[in-house]
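Below are my comments on the model, set out as numbered points. Please read them with the coordinates open.

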Amino acid sequence: MEAADREDKMNNIYLIGFMGTGKTTVAKALAQKLNMDVMEMDDAIEAREGMDIPRIFQQRGEAWFRKVETDVLQEAAVRGNAVVSCGGGVPLKPENVAVMRKSGTVIMLSASPGEIYERVKESDRPLLKGNMNTDYIAGLMEKREGCYKAAADKEVETGGREISEIIQEIVQFCLQK
């Protein structure tokens, strides 16, 4: 890879993965370590729409939410120098994957269905409404896993690990690219 290509590729770091894998937590710590901006896509969507995500799903539907999600991702790509914590559905759209790959490095965070359940069981996640259990989570993860892995430059396990260890693995990978 030529130096110019490498510079373009390192513009942003996109964290993808299923809900509850630690994208928000890792994004904040990684951005601080690398002196980059941090962007939580869900927060940006809520600010833009003037309501929380469960209400967006309820009032405007998932298709609307996914459109706004793509718009926010494209803005992050143009802005640059950010660690972007992507919503779990971002890598399901090929156009989103193309945006991420063109403007940065894509890191997939992963954890077991049991670990994810423990992390999200007290939350209000629209896709888990009425299905807050490990079996449902495992099934949804299985449906999405292929898209996540195809989009990712690297997969990083977050279950049972210290944040510093996760950050170190990501930084080492980004420096080697």
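1. Asn-35 sits in the loop that joins helix H2 (23-34) to strand E2 (37-40). The model is a predicted one, and in it the phi of Asn-35 is near 55°, a positive value in a residue that is not glycine. Asn-35 counts as exposed because its relative accessibility is 68%, over the 50% cut-off.

2. Asn-81 is another non-glycine residue with a positive phi, here about 50°. Its place is the loop between H4 and strand E3 (82-85). With a relative accessible area of 40%, Asn-81 is partly exposed.

3. The structure contains 13 salt bridges. In general terms, side chains of opposite charge can pair when their charged atoms come close. One of these bridges joins Arg-48 to Glu-75, with 2.1 Å between the closest N and O atoms. This pair links distant parts of the chain: Arg-48 belongs to helix H3 (residues 41-49) and Glu-75 to helix H4 (residues 53-79), 27 residues apart. Arg-48 is partly exposed, at 36% relative accessibility, and Glu-75 is also partly exposed, at 41%.

4. Within helix H4, Asp-71 and Lys-67 are four residues apart, about one turn of the helix. They form a salt bridge in which the closest N and O atoms are 2.9 Å apart. Asp-71, at 22% relative accessibility, counts as partly exposed; its value is therefore not under the 20% that would make it buried. Lys-67 has 44% relative accessibility and is likewise partly exposed.

5. How are Arg-48, Lys-67, Asp-71 and Glu-75 linked? These four residues are joined in a network of salt bridges. The network thus includes the pair Arg-48 and Glu-75 as well as the pair Asp-71 and Lys-67.

6. A further salt bridge is formed by Glu-169 and Lys-154, whose closest N and O atoms are 3.3 Å apart. Here too distant parts of the chain are linked: Glu-169 is in helix H8 (residues 163-176) and Lys-154 in strand E5 (residues 154-157), 15 residues apart. Glu-169 is partly exposed at 22% relative accessibility, and Lys-154 is partly exposed at 22%.

7. Turning to the interior, the largest nonpolar core has 35 residues. Those with the most contacts inside this core are Tyr-14, Ile-16, Phe-18, Leu-73, Val-84, Cys-86 and Met-100. At least two core residues come from each of strand E1 (12-16), H3, H4, E3, helix H5 (94-103), strand E4 (104-110), helix H6 (113-120) and helix H7 (134-151). H4 supplies the largest share, nine residues. In soluble globular proteins, nonpolar side chains tend to be buried together.

8. Which residues does Tyr-14 contact, leaving aside its neighbours within four places in sequence? They are Leu-73, Ala-76, Ala-77, Val-84, Cys-86, Val-99, Met-100, Ser-103, Gly-104, Thr-105, Val-106 and Ile-107. Apart from the core described above lies another, of 17 residues, including Leu-15, Leu-30, Met-36 and Val-83.

9. Helix H4 recurs in these points. It holds the bridge between Asp-71 and Lys-67, carries the Glu-75 end of the bridge to Arg-48, and gives nine residues to the largest nonpolar core.

Note on methods. Residues are numbered from 1 along each chain as its sequence is written. This is a predicted model: local features need pLDDT of at least 70, side-chain atom pairs count only at pLDDT 80 or more; totals for chains, interfaces and linings use all residues. Side-chain values use heavy atoms; hydrogens and water are left out. A salt bridge is a side-chain nitrogen of Lys or Arg within 4 Å of a carboxyl oxygen of Asp or Glu. Buried means under 20% relative accessible area, exposed over 50%, partly exposed in between (1.4 Å probe, protein chains only). A nonpolar core is a set of buried Ala, Val, Leu, Ile, Met, Phe, Trp, Tyr and Cys residues joined through side-chain atoms within 4.5 Å. Contact means heavy atoms within 4.5 Å.
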